[in-house]
Amino acid sequence: MALMQFTFAYPDRLMFLGLIPVLLILYFVLSRRTSARNRQFGIDGLSRLLPRQQAWKRHLGVGFALLSLASLNMAFAQPSAAVDVPRDRATICIAIDVSLSMEATDIDPNRLAAEKVAASQFVDMLPQGFNTALVSFAGYATMLVPPTTDRGLVKRAISNLELAPATAIAEGVYSCLDAIKLAPADPKNPDAPVPAAIVLLSDGYSTVPGRTSTQAANDAKKAKVPVYTIAYGTAGGYVVRDGRKEPVPVDKAELKNIADLSGGKAFTAGSAAELKTVYGSIAQQVGYEKQFTEITERFAGGALVLAILAALAVISLASRWP
């Protein structure tokens with residue numbers, strides 16, 4: 001898990017944090033001095049007022065109070081943190097392998113059927129302002145839906161996907177690049193390029209001659225369109241041809257190469273549940289961007305909670321006094 005990145009508008013105000021360890025040391029010094037003086041006179045006043053087993057509450061109250069001061073000081077410095085903010089606009093092209101190997105039943109009920117469900121769910125995960133395009137590829141690629149905000153249209157096209165022979169992964173990438181060019185410009189800034197990404201799912205490797213996936217990945221990088229690939233299936237996948245089992249194990253190397261070269265990320269999914277998780281992760285990465293946002297109220301709220309806890313600890317102690 002990545003650590004949250006912080007920055008402060010007034011970092012010089014954090015100097016007051018140096019008082020926290022000083023106060024803590026002062027507390028322990030005074031506590032020991034008081035105990036030593038009581039023992040010297042043969043009277044342990046603290047034991048009369050506070051049962052020994054309740055001493056931890058006193059320490060806890062002081063600890064909460066000091067933490068509250070620390071949180072309040074950090075709020076005083078006006079902190080900001082890198083948080084995930086939904087993108088206003090982007091174009092996502094979903095490229096789905098419909099080669100005959102997607103008929104394998106290693107994923108119930110088969111690879112393509114499970115993929116249709118997950119891809120439709122992925123469309124719903126994207127922010128409302130996003131345009132979504134759909135490309136299918138086997139021996140050749142077809143742009144089924146140009147960039148649109150009509151989620152229903154994209155999901156209907158996904159549900160109608162049909163199998164076809166061969167696999168041309170590079171053509172799937174190029175068809176997506178063509179689709180992205182059709183995305184409408186931002187009316188507020190028509191000259192600015194709209195952020196875009198390709199999400200490509202396949203279970204194998206290219207089986208047709210022509211443009212290579214390496215060339216496609218490099219061209220995607222030039223267009224500043226990262227390709228997020230999903231290697232879908234298991235090593236034990238097979239299809240039945242003429243009454244015989246034909247192995248169709250998932251091949252990850254080519255897809256990882258595409259992701260690495262284009263600036264995207266490679267994922268693997270060996271079940272319908274894993275595929276749903278992968279799509280969720282991709283939706284988070286392409287649908288949100290890191291922005292520094294002021295979070296002063298979080299630290300102020302934390303200081304308030306800690307102050308309340310410190311007060312409760314003191315009240316609990318006071319309730320036991322004779």
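## Overall picture

Among contacts between residues at least 6 apart in sequence, 82% join residues at least 24 apart. Keep in mind as you look around that this is a predicted model. The protein has 322 residues, and 40% of them count as buried. Its secondary structure comprises 10 helices and 11 strands. About 17500 Å² of the protein is exposed, with carbon and sulfur atoms supplying 60% of that area.

## The six-stranded sheet

A good place to start is the open sheet, where six strands follow the order E5-E4-E3-E6-E7-E10 with mixed pairing. Strand E5 (141-148) and strand E10 (266-269) are the edge strands, each pairing on one side only. From one strand to the next, the twist averages 15 degrees.

At the E5 end, strand E4 (residues 131-137) runs antiparallel to E5, and five bridges join the two. If you would like a residue pair to find on screen, threonine 132 has threonine 148 in E5 as its bridge partner. Towards the other end, helix H8 (residues 253-262) lies across strand E6 (196-202), strand E7 (227-232) and E10. The helix runs at about 165 degrees to E7.

## Two nonpolar cores

The largest nonpolar core has 37 residues, and those with the most contacts inside it are Ile92, Phe122, Ile230, Tyr279 and Ile282. Two or more residues of this core come from each of strand E3 (91-97), helix H4 (111-125), helix H5 (151-159), E6, E7, E10 and helix H9 (272-287). Apart from this core lies another, of 25 residues, including Val135, Ala170, Cys176 and Ala179.

Isoleucine 230 is worth a click. Beyond its neighbours within four places in sequence, isoleucine 230 is in contact with Val199, Leu200, Leu201, Ser202, Leu255, Phe267, Ala269, Leu275, Val278, Tyr279 and Ile282. Two of these partners, Tyr279 and Ile282, are also listed among the residues with the most contacts inside the largest core.

## The disulfide

The model has one disulfide. It is formed by cysteine 93 and cysteine 176, whose sulfur atoms are 2.1 Å apart. This pair links distant parts of the chain: cysteine 93 sits in strand E3 and cysteine 176 in helix H6 (residues 169-181), 83 residues apart.

The link between cysteine 93 and cysteine 176 is left-handed, with -75 degrees about the S-S bond. Both cysteine 93 and cysteine 176 are buried, and Cys176 is also one of the residues of the 25-residue core.

Notes
Residues numbered from 1 in each chain as written. Predicted model: local features only at pLDDT ≥ 70, side-chain atom pairs only at ≥ 80, totals over all residues. Heavy atoms only, no water. Helix = DSSP H or I, 4+ residues; strand = E, 2+ residues; numbered from the N terminus. Buried < 20%, exposed > 50% of the residue type's maximum accessible area, 1.4 Å probe, protein only. Contact = heavy atoms within 4.5 Å. Areas by Shrake-Rupley, 256 points an atom, 1.4 Å probe, with all protein chains shown as cover. Pairing = 2+ DSSP bridges. Axes fitted to C-alpha atoms, helices over the stretch in contact; angles between N-to-C directions. Core = buried A, V, L, I, M, F, W, Y, C linked by side-chain atoms within 4.5 Å. Disulfide = S-S within 2.5 Å.
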